[in-house]
Amino acid sequence: MKLRTWIIILIVLVIDAGILWWWQGYRLARSQDAVIRAAAEHYDLDPALVKAVVWRESRFDADARGTSGELGLMQIRAAAAGEWAEAAGISDFHHAHLLNATSNTLCGAWYLRTLLDRYPHTDDPVAYALADYNAGRSRVRKWNTGTAETNSAAFIENIDFPMTREYVEAVKKKYEAYRGKLE
């Protein structure tokens, strides 16, 4: 075969691989929508926010495991899982149950709702809740001073952990992208 034929074959293969990669990502991103909607509805949350957290935490992999023991779609730690199980009246609960997508998103949505409810006096409780979800309440208290107590833009500027600041900004951006697409 001529070189030109090989080049055309290679170009077609690259395009096909790109389409396949895009299609798999598209399907994966929608694979958990029903579970996300159900958990969001149960805890009165916007499903787009829950989906944005799932996207950032696990990229929709229900079997995801974090380096500090976090499990599942929303990367839940044992302590938060125990609080949810107690609040939900679930007996004989084990952290490994969070590898189930339904349990994981219910727990994560409950936790997210709990965090959002901590910051009702702010102009955007989502920013504070996401920072709390990622870095913990003690750090949020440190960053939540002066005008940052109520102003989310000032709060985000006060976040001195670059990874947490990027986390908050990325999840908020993805949240906006998902809004209205999960109803």
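**Close-up views of a nine-helix chain**

**View 1. The turn that follows helix α6.** Just after α6, Gly136 takes a positive phi of about 100°. This view, like the others, is taken from a predicted model. Helix α6 covers residues 125–135, and because nine of its eleven residues are buried, the helix is largely enclosed by the rest of the structure. The buried residues of α6 are Val126, Ala127, Tyr128, Ala129, Leu130, Ala131, Asp132, Tyr133 and Ala135. What do the buried residues of α6 pack against? They pack against α3 (47–58), α5 (101–117), α7 (137–143), α8 (152–158) and α9 (162–178).

**View 2. The chain that surrounds these details.** The secondary structure of the chain comes to nine helices and zero strands, so that the order of elements from the N terminus on reads α-α-α-α-α-α-α-α-α. Taken along the principal axes, the C-alpha atoms of the chain fill a box of roughly 70 × 45 × 35 Å. Of the 183 residues in the chain, 42% count as buried, and the chain exposes about 10500 Å², of which carbon and sulfur atoms supply 55%. Among the contacts in the chain with a separation of 6 or more, 55% are accounted for by residues 24 or more positions apart.

**View 3. The crossing of helices α2 and α5.** Two packed helices are described by the angle between their axes and by the distance between the axes. The axes of helix α2 (residues 33–42) and α5 come within 9 Å and cross at roughly 35°, and the crossing in which α2 passes α5 is right-handed. Which residues meet where the two helices pass each other? From α2 these are Val35, Ile36, Ala39 and His42, and they meet Ala101, Thr102, Thr105, Leu106 and Ala109 in α5.

**View 4. Ala85 and its surroundings.** Ala85 has its place in helix α4, which is formed by residues 78–88. Is Ala85 buried or exposed? Its relative accessible area is 4%, which is under the 20% that marks the limit for a buried residue, and therefore Ala85 counts as buried. When residues up to four places away in sequence are not counted, Ala85 touches Ile90 and Phe93. The C-alpha atoms of Ala85 and Cys107 are separated by 7.8 Å, although the two residues are 22 residues apart along the chain.

**View 5. Two positive phi values in the loop between α3 and α4****.** Most residues other than glycine have a negative phi. Arg59, although it is not a glycine, has a positive phi of about 55°, and Phe60, also a residue other than glycine, has a positive phi near 75°. Arg59 is found in the loop between α3 and α4, and Phe60 lies in that loop as well. As for their surroundings, Arg59 is partly exposed, with a relative accessible area of 42%, whereas Phe60 is buried, with a relative accessible area of 5%.

**View 6. A nonpolar patch on the surface****.** Met1, Leu3, Trp6, Ile7, Ile9, Ile11 and Ile15 make a nonpolar surface patch of about 760 Å². One of these residues, Ile11, has its place in helix α1, which is formed by residues 3–30. Ile11 is partly exposed, with a relative accessible area of 47%, and this value is over the 30% that a residue needs in order to be part of such a patch.

How values were computed
Residues are numbered from 1 along each chain as its sequence is written. This is a predicted model: local features need pLDDT of at least 70, side-chain atom pairs count only at pLDDT 80 or more; totals for chains, interfaces and linings use all residues. Side-chain values use heavy atoms; hydrogens and water are left out. Patches are made of residues with over 30% relative accessible area and no salt bridge: like charges are joined within 9 Å, nonpolar side chains (Val, Leu, Ile, Met, Phe, Trp, Tyr) within 5 Å. Accessible areas come from the Shrake-Rupley method with a 1.4 Å probe; for residues, only the protein chains shown count as cover. A salt bridge is a side-chain nitrogen of Lys or Arg within 4 Å of a carboxyl oxygen of Asp or Glu. Helices (H or I, at least four residues) and strands (E, at least two) are DSSP runs, numbered from the N terminus. Buried means under 20% relative accessible area, exposed over 50%, partly exposed in between (1.4 Å probe, protein chains only). Contact means heavy atoms within 4.5 Å. Axes are lines fitted to C-alpha atoms, for helices over the stretch in contact, and angles run from 0 to 180 degrees between N-to-C directions. A crossing is left-handed if the near helix is turned anticlockwise from the far one by less than a right angle, and right-handed if clockwise.
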